[in-house]
Amino acid sequence: MKRYNWLLGFLCLQVFNVQAQEQFISKRVDSLLKLMTLKEKIGQLNQYSGREVTGPANDRKAYLLKDIQNGMVGSMLNVKGVKDTREIQAEALKSRLKIPLLFSLDVVHGYKTVFPVPLSEAASWDMEAIKQSAHIAAKEAAASGIHWTFAPMVDIARDPRWGRVMEGAGEDPFLGSAIARARVKGFQGEQLGATDAVMACVKHFAAYGAAIAGRDYNPVDMSEQQLREIYLPPFKAAAEAGAATFMNAFNTLNGVPATASTFLQRDILKKEWNYKGFVVSDWGSIREMIPWGFAANLSEAAAYAITAGSDMDMESEAYKNELEKLIQTGKISVDLLDDAVKRILYKKFELGLFENPYKFSDFKREDIVMKDKTHAAAARSMADKSIVLLKNEHQILPLQTDVKKIALIGPLVRAKADLASTWTVYADTTQMTSVEEGLKQRFGTMKFNYAEGCKINTSDTSKFNEAIQTAQNADLVVMVLGEAGNMTGEAKSRANIELPGVQEALFQKIKKTGKKVIVVVMGGRPLIFNTIADQADAIVYTFWLGGEAGHAIADVLSADYNPSGKLPMTFPRSVGQVPLFYNYANTGRPVAKSGDIHYRSAYIDSPNTPRYAFGFGMSYTDFSYTDLRKDKEIMKGGENLNVSFTLTNTGKRKGEEVVQLYLQDKVASVVRPVKELKGFDKVELEPGESKTIKFVITPEMLAFYKSERGWITEPGSFKLMVGGASDQMRLESDFKLE
Ligand code: GLC
């Protein structure tokens, strides 16, 4: 009992310490606020981009530096490196109250070490690896003077036409929430203020991924039920994980710009979720209320934004130019301004910047951290885990030792900068390892002959013949095809998501040589490649793997690493199916397995099923699912349902399986999806090894959102399903909730 008293005492002390620290910082914030003039308060809400301050002298906007020196700037983005952050911080410390600047940057998938893009990492379903990736990105950024990253992007996306799907975690709220937590913890560590951690910024609040037609910056229209069940959960998970800041979004939600949305920023985030951090607007989004036709001028836009809870103004200069007049004329209460200033100052104190404004800008630490060789190894391991094996006919993979000559064909065989895609803020992309380099280093004795075959996105077929000959002279062909790295990211929506250019035509010519063809596909989104899907002998999908791509692909093709990735987004057969997702409604006229072909919810020219399902991915080994057990048939009185089953590696290689738990509420007063992901686990097993896998089903997992009533559960019948893909349920069982 003594041990528990000690533990209880320790925990109470911990809670007391946190509360004591919060009270101490709040007191310091209040004392500083009392000293600040109206202008100085407004200055804290103003954020500039650094390019116009640190770039070439003739590009500089002189007034920006003046504003910094006069305390009219609270934060800078796009200033990076110890040298520049020290110089700009020194300018800020010339101001009357010497309030230090926050330095922020889009460290989305690595700083110097380029990790796989977030959608690629999501395919790993490995939370520890994702957390480690964010931690290393934070360590390198923090060593370069950065206090704050504009990540994780947690926008749920069901539409691969949208270019920003590559920045997120895919289509599912449960997986997206787990990844949001992992990334926030990875970026921020255990406590803000450590010099190997940065503040996270959860973006884009909210529902930006549902832009109509997948076209970036387009309006978003949806019910509150969809918003609550699909798009908000990862934001709530990130807030509960302690995310220091949020960023709002460019889109409107049901007619109101997110930046001006009191419903999102005050009602949900700051009141219902009791969020204490601050919200930064997305770049210029306050000013953009004018072209939206929502504000008549910048003054109105500023008033909407501060009222709605948008605390900091990125690059609109709306607060700097308009807030003083709005407050002096009584149109805006100074309390709104004070609330925003206090939230921002709180974080500066929490980071320890008042004790030492140069705390994160240390030349020695920058040098040591940037040379840490373990970072590349971590990026390679993350890339290994992110690769998805989509097809492997007749076990053509892993590459057999009797293969002596391989034709390497395709416009991405030697790609380097493409591998980093977009949002690489510091990386030297010439240091990326191409697929050709990775394979040659791994398969030293094998001969590789290269032919580009075609460019990524042109109609030029003049190099086809050279590629065909190269294929004819080889034992086997490896093609590396896909998008260009800059075809996804912000403002990169595509109406056609097939492989660009003539790449599939090239594949058909190569396939006609009769050689076995392995295709590695790269892109920042689910792509459509039906000919390849039908005719290739093996397909490996990587999204964008970052700096270690070549090594990781060699690791998988050689089976040094047995592929374990599972798709975080549905791959459609045609863009006409989009939006297409696994957690769909059955409809009143479901597509029956057989029988009446009329009057069903289907197309007359396409199946409803995807080309590849959410959660799908193959391995070089196989797994069996047996012996499903439940500890009860009926959940009552708030009880949990404990489920277990046996997973066995029935193949000849060690491998990892992502086991997935899906639930279905069969009858409810709001139509429920045919299945929803409610649990997963990544399990490594030796050949022949078995393990009992356990899941706990809680009443909260059975809840759904009902307008006017919030989250509710209803008694009734449920189905639980487990399997290795959303369209491959291996075990099922029913249970009831009373
Ligand atoms: C961009 C993006 C946002 C990014 C910000 C700063 O427009 O929408 O994700 O963090 O501006 O670069």
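Which residue of strand 4 is the bridge partner of Leu105? The bridge partner of Leu105 in strand 4 is Thr149. The structure is a predicted model, and this briefing introduces two of its sheets, the surroundings of its ligand and several backbone features. One sheet is built from 5 strands with parallel pairing, and another is built from 6 strands with mixed pairing. The ligand has 13 residues around it, and the protein covers 94% of the 310 Å² of accessible area that the ligand has on its own.

**The parallel sheet**

- The order of the 5 strands in this open sheet is 4-3-2-1-10.
- Strand 4 (148–149) and strand 10 (313–314) form the edges of the sheet, and each of them pairs on one side only.
- Strand 3, which covers residues 102–105, pairs with strand 4 in the parallel sense over 2 bridges.
- Within strand 4, Thr149 is the bridge partner of Leu105.

**The mixed sheet**

- The 6 strands of this open sheet follow the order 11-16-15-14-12-13.
- Strand 11 (388–392) and strand 13 (447–451) are at the edges and have a single partner strand each, so one side of each is left without a neighbour in the sheet.
- On average, neighbouring strands of this sheet are turned by 20° against each other, direction ignored.
- Strand 14 (residues 476–482) and strand 15 (residues 517–522) are paired in the parallel sense, over 6 bridges.
- Leu481 has Val521, in strand 15, as its bridge partner.
- Helix 18, formed by residues 435–442, lies across strand 12 (405–409), strand 13, strand 14 and strand 15.
- The direction of helix 18 is at about 170° to strand 13.

**The ligand and its surroundings**

- Asp106, Arg164, Lys203, His204 and Asp282 come nearest among the 13 residues around the ligand.
- By class, this shell contains 7 nonpolar, 1 polar and 5 charged residues.
- The side chain of Asp106 has an N or O atom 2.5 Å from an oxygen atom of the ligand.
- For Asp282, the distance between an N or O atom of the side chain and an oxygen atom of the ligand is 2.6 Å.
- For Lys203, the corresponding distance from a side-chain N or O atom to an oxygen atom of the ligand is 2.9 Å.
- Of the accessible area that the ligand has on its own, 310 Å², the protein covers 94%.

**Backbone features**

- Lys203 and His204, both listed with the residues that come nearest to the ligand, are joined by a cis peptide bond with omega of about -5°.
- His204 is placed in strand 5, which spans residues 201–205.
- A cis peptide bond also leads from Phe205 to Ala206, and its omega is near 5°.
- Ala206 is located in the loop between strand 5 and helix 9 (224–231).
- Lys98 is not a glycine, yet its phi is positive, at about 55°.
- The loop that holds Lys98 runs between helix 5 (82–92) and strand 3, and strand 3 in turn pairs with strand 4 in the parallel sheet.

Note on methods. Residues numbered from 1 in each chain as written. Predicted model: local features only at pLDDT ≥ 70, side-chain atom pairs only at ≥ 80, totals over all residues. Heavy atoms only, no water. Pairing = 2+ DSSP bridges. Helix = DSSP H or I, 4+ residues; strand = E, 2+ residues; numbered from the N terminus. Axes fitted to C-alpha atoms, helices over the stretch in contact; angles between N-to-C directions. Contact = heavy atoms within 4.5 Å. Near = heavy atom within 4 Å. Polar contact = N/O pair within 3.5 Å; in protein donor to acceptor, adjacent residues only side chain to side chain. Areas by Shrake-Rupley, 256 points an atom, 1.4 Å probe, with all protein chains shown as cover. Nonpolar A, V, L, I, M, F, W, Y, C, P; charged D, E, K, R; others polar.
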